[in-house]
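Dear colleague,

I am handing over the structure we spoke about, with a summary of what was found in it below. Please read the notes with the coordinates open beside them.

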Amino acid sequence: MKNVFCFILLLLCTYTNLSAQVDYSANDQITPYEGKFRPGINLGYYPPWTTSELADLAAGNEALGVPGIGARASRPALYEKVLNIFGYDLEIPTFQHFQDLGMDDLTCIVGFPVDWHRDHTVYCDDGITESEMFGGLYEPIWDNGENGTPVNEDNLYAAYLYEVVTLYKDYVKFWEIWNEPGFDYTGNLGWRPPGYPGNWWENNPDPCDYKLKAPIFHYVRTLRISWEIIKSIAPEDYVVVAGTGYESFLDAILRNTDHPFDGTVTDDYPLKGGAYFDVMGYHSYPHFDGSLRYWSNDIGGFVYERHSDKAAEGILQRRGNFQGVLENYGYDGNTYPKKEWLITEINTPREQFDEYIGSQESQINFIMKAVATCIQNNIHQMHVYNLGDEEAEEDATGVFDILGLYKRLNGVEAYEQEVNPEGIAYKTVSDILYGTEFDVQQTAALNLPESI
């Protein structure tokens, strides 16, 4: 009888721990990441290659004689619109393969509901375009376990994320909430300064104008749900906001709560968006993000600095722009904890298009300097975009066609791939620097001249 009582008590304790709501936010604490810097990769999609075969190309597989390109992490996705149809455990073998190859502490994109779980409300003025987000976001996150889990199944995003984190927490460390949520479909508002009509600094993005097709408050709500679910199951994992595109979109997240109508602070919606994520991720494409040019009144136009040193500096310039926004809302290490950092997409072109930098030499030099820059500045992962070229070089019409570490993989038989020089450079710097740390004192002791 005593054993039965103990067993029941253990079950109750286990259930209580699983269903315990989180009583802190990122305004209270962010656990510093103590892992190694991991050079990563966006694997992409190249039929007929499987994701596991692409992982072999990324990390290397000695048993198959594949040297790889030095990736020690990847940035896969676990979208509900796939898992709901094919099963939530679909990618377990693939994620295990990642781990077997030495790719750990993955950055994983979540979100993107199956159509019948979407919010079909039309928030756009066109009267047609429906939200891209989950339905039931404003249902309670937790219930009393009526359906066998501590989450409320009517909150469709919470129910999906609970399943995903429970299954994949041993492989993933950084949970990226949506991909490029701030993508500006107008191309003309996100980058505009205050004072410009419709700018995102002084106006919340119109649902019609950006990727989510929903009020920005709904994204903050998604972050809040993500925080509670992830921290309740895997408290040492990190909630990531990445791909905001523009500092103004980050500002909109930070200045709004998840109040469904106007983002204001109330008893039910007490915290703004910055309270619900640990890590700021961003994309670094120095060729077009403004890092390699500046305006000159003397010539009445832009002056370009097309070289890899400046491109590497652009990594920190872009981070500094986002850090400035974060500090405006108290994420400075004093008022609130500072955010941790990732780069979820990065590269420069192998060929020149339009006014952009582009050469094999500059690309090779940049990718090696990018790894060193990230290690030196506590950017925990950088995921190169992309594993393979999108087009054959003779068919390329833009910079994103030939950003691959391998030549075009589509239609190529497994393990008959051809590596690009950038892939060799990435593996070289990864092999040399993986597991190392930047030592400020030892570097200072070298007494290097300013030109080095």
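Asn378 is exposed, because its relative accessible area of 55% lies over the 50% limit. Please bear in mind that this is a predicted model, so the values in this message are computed ones. Asn378 sits in the loop between helix 9 and strand 10 (379-384), and its phi is near 55°, a positive value in a residue other than glycine. Most residues other than glycine have a negative phi, and most peptide bonds are trans.

Phe112 also has a positive phi, near 60°, and is likewise a residue other than glycine. Phe112 is found in the loop between strand 3 (106-111) and helix 5 (156-168), and Phe112 counts as buried because its relative accessible area is 14%, where the limit is under 20%. On the peptide bonds, Pro47 and Pro48 are joined by a cis bond with omega of about 10°, and Pro48 belongs to the loop between strand 1 (38-41) and helix 2 (51-59).

On the surface, Val82, Ile85, Phe86, Leu90 and Trp116 make a nonpolar patch of about 520 Å². Of these residues, Leu90 is placed in the loop between helix 3 (80-86) and helix 4 (92-100), and Leu90 counts as partly exposed, since its relative accessibility of 35% falls between the limits of 20% and 50%.

Turning to the pockets, the largest one holds about 1200 Å³ of space. It is lined by 43 residues, among which Gly245, Tyr246, Phe288, Asp289 and Arg318 are the closest to its centre. At least two residues of this lining come from each of helix 7 (247-255), strand 6 (279-284), strand 7 (293-296), strand 8 (301-304) and helix 8 (308-328), with helix 8 giving the largest share, four residues. Sorted by class, the lining of the largest pocket comprises 19 nonpolar, 14 polar and 10 charged residues.

The second largest pocket has a volume of about 720 Å³, and 26 residues line it, with Gly44, Tyr45, Thr51, Pro76 and Ala77 lying nearest its centre. Helix 2, strand 2 (77-79), helix 3 and helix 4 each contribute at least two residues to the lining of this second pocket, and by class its lining divides into 15 nonpolar, seven polar and four charged residues.

As for enclosed space, the structure holds one cavity of 30 Å³ or more, and the volume of the largest cavity is about 50 Å³. The elements that give two or more residues to the lining of this cavity are helix 9 (360-376) and helix 10 (421-433), and helix 10 gives the most, with three residues. Phe37, Pro39, Val371, Ile375, Val429, Ser430, Leu433, Tyr434, Gly435 and Thr436 form the lining, and these residues divide into seven nonpolar, three polar and no charged.

With kind regards

Technical notes
Residues numbered from 1 in each chain as written. Predicted model: local features only at pLDDT ≥ 70, side-chain atom pairs only at ≥ 80, totals over all residues. Heavy atoms only, no water. 1 Å grid on protein atoms, 1.4 Å probe; cavity = no way out; pocket = protein on both sides within 12 Å on 5 of 7 lines; lining within 4 Å. Points joined across faces, edges and corners; volume = space filled by probe spheres on them. Nonpolar A, V, L, I, M, F, W, Y, C, P; charged D, E, K, R; others polar. Patch = residues over 30% accessible without salt bridge, like charges linked within 9 Å, V, L, I, M, F, W, Y side chains within 5 Å. Areas by Shrake-Rupley, 256 points an atom, 1.4 Å probe, with all protein chains shown as cover. Salt bridge = Lys/Arg side-chain N within 4 Å of Asp/Glu carboxyl O. Buried < 20%, exposed > 50% of the residue type's maximum accessible area, 1.4 Å probe, protein only.
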